[in-house]
Amino acid sequence: MKAVAVIPKRPNSVHLAEIEKPKLEGSRDVLVEVLRVGACGTDREINNGEYGVAPNGSDRLVLGHENLGRIVEIGEKVTEFEPGNYVVATVRRPGGTSVYDKIGEQDFTTDHRYYERGISRLHGYMAEYYVENADFLVQIPQTIADVGVLLEPLSIVEKGLKQASDIQERMKVWQPKSAAVLGVGSVGLLAVVALRMRGYAVHGFGLDRREGYLNGELCEAIGSTYDSTAEISVADSVQKYGEYDLIFECTGYSPIIFDAMQSLNENGILILASVTGGSRTADKVPSDKINQAFVLGNRVMVGTVNANREHFEMGVKDLVLCEAMHPGWLGRMLTHKVAGLENFAEAFKILNNAGEYKAIKTYFEVKEI
Ligand code: BGC
């Protein structure tokens, strides 16, 4: 069968590979035909040779972690699914030695070697089929199958928000009202969704000016504001909107976090979700001021990566709710469809020039839903 693979650490090695179709081995295994696979910044970084590890014994890695598929066959001990069900598979597997791997909380692993399908040490979903243990599959209701490929990036947001609510239990009462989302690419727009579904007044920020910018239009269409940081800095925006109870950072531009740290309300929480692989530094950080505000205002900053099954399940609820409240909105995020894995070069061209293509989500349609 066809698959899209790279030779990790070799820049621009993406290619179409012919690999063996996987078969059920364990009694809890499920064979899934891939319908759609999203492509994101992580896939771009892997193809740039900056990230990604091949499985043991292989020199290549099949890419793809944002997925949607349909079940073809189930093992004899799988009772929760049947052929025909739509599913999304989670990304990280418990492969390490940390206690978190042992208790099914591998998204908190303390091991430096981690196991992620399509990213690190395990093949991914940019293929015609995959086999996975049922424990790592999440069922997608038919009504949201069309936008199910957005679940994996949404799960990243859901985990961040779950961390925030768990941490804020430190107070007897937390009644957050306003949130800022820094960076309204695909993850940022999904953060806008999840926060709007929770009733926050949401303020989205991006580099582009609002005029003709679909991401800005989508913010407004779901009841968020949108501002360009070319016109107003996040720190200055508090004059307009007040300080934020929660800030979700996903710009990929690390210096902005110092601006964000100065824009939080008392007891507020800043969630960092950008995997910044570069070597940028920030200068002129008003460290006394920031430190004092964090101490005197009980403010919090937390990093978050990956997502567990519960976060995917939270995401399913938000997709259903969003589709009911704003029909068609999520579908507008799916801007660039690439027909067939063999057109991988087109997908990577769009990924590498997302701004020029005005791409929000680029995805492969491997098979019709
Ligand atoms: C994926 C996460 C993963 C992270 C780091 C992201 O693109 O969505 O599941 O943990 O990359 O590898």
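Me: In this predicted model, which residues does Ser-263 touch, not counting residues up to four places away in sequence?
Reply: Ser-263 touches Val-234, Ala-235, Val-238, Glu-243, Tyr-244 and Ile-247, and Ser-263 itself is found in the loop between helix H7 (256-261) and strand E16 (264-272).

Me: Why is Ser-263 called buried or exposed?
Reply: The relative accessibility of Ser-263 is 0%, and buried means under 20%, so Ser-263 counts as buried.

Me: What is Ser-186 called, buried or exposed, and why?
Reply: Ser-186 is found in helix H4, which covers residues 186-197. Its relative accessible area is 15%, and because the limit for buried is under 20%, Ser-186 is buried. Leaving aside neighbours within four places in sequence, Ser-186 is in contact with Met-333, Ile-360 and Lys-361.

Me: How many disulfides are there by this rule?
Reply: The count comes to zero, where a disulfide would need a pair of cysteine sulfur atoms within 2.5 Å.

Me: Which cysteine sulfur is nearest to that of Cys-40, and how far away is it?
Reply: The nearest cysteine sulfur is that of Cys-250, 12 Å away, and because a disulfide needs the two sulfur atoms within 2.5 Å, Cys-40 is in no disulfide. Cys-40 has a relative accessible area of 13%, and with buried set at under 20%, Cys-40 is therefore buried.

Me: What about Cys-219, and which cysteine sulfur is nearest to it?
Reply: For Cys-219 the nearest cysteine sulfur is again that of Cys-250, at 10 Å, and since the cut-off is 2.5 Å, Cys-219 is in no disulfide. Cys-219 has a relative accessible area of 0%, and under 20% is the limit, so Cys-219 is buried.

Me: Which residues surround the ligand?
Reply: The ligand is surrounded by Thr-42, Tyr-51, His-65, Val-91, Arg-92, Glu-116, Ile-119, Glu-152, Ile-156, Val-305 and Asn-306, and by class this shell has five nonpolar, three polar and three charged residues.

Me: What makes the approach of Thr-42, Tyr-51 and Asn-306 to an oxygen atom of the ligand a polar contact?
Reply: A polar contact is a pair of N or O atoms within 3.5 Å. An N or O atom in the side chain of Thr-42 is 2.6 Å from an oxygen atom of the ligand, and for the side chain of Tyr-51 the value is 2.6 Å, while for that of Asn-306 it is 2.9 Å; each pair therefore meets the 3.5 Å cut-off. The protein covers 91% of the 310 Å² of accessible area that the ligand has on its own.

Conventions:
Residues are numbered from 1 along each chain as its sequence is written. This is a predicted model: local features need pLDDT of at least 70, side-chain atom pairs count only at pLDDT 80 or more; totals for chains, interfaces and linings use all residues. Side-chain values use heavy atoms; hydrogens and water are left out. Helices (H or I, at least four residues) and strands (E, at least two) are DSSP runs, numbered from the N terminus. Buried means under 20% relative accessible area, exposed over 50%, partly exposed in between (1.4 Å probe, protein chains only). Contact means heavy atoms within 4.5 Å. A residue is near a molecule or strand if one of its heavy atoms lies within 4 Å of it. A polar contact is a pair of N or O atoms within 3.5 Å; within protein, one must be able to donate a hydrogen and the other to accept it, and residues adjacent in sequence count only if both atoms are side-chain atoms. Accessible areas come from the Shrake-Rupley method with a 1.4 Å probe; for residues, only the protein chains shown count as cover. Ala, Val, Leu, Ile, Met, Phe, Trp, Tyr, Cys and Pro count as nonpolar, Asp, Glu, Lys and Arg as charged, and the others, Gly among them, as polar.
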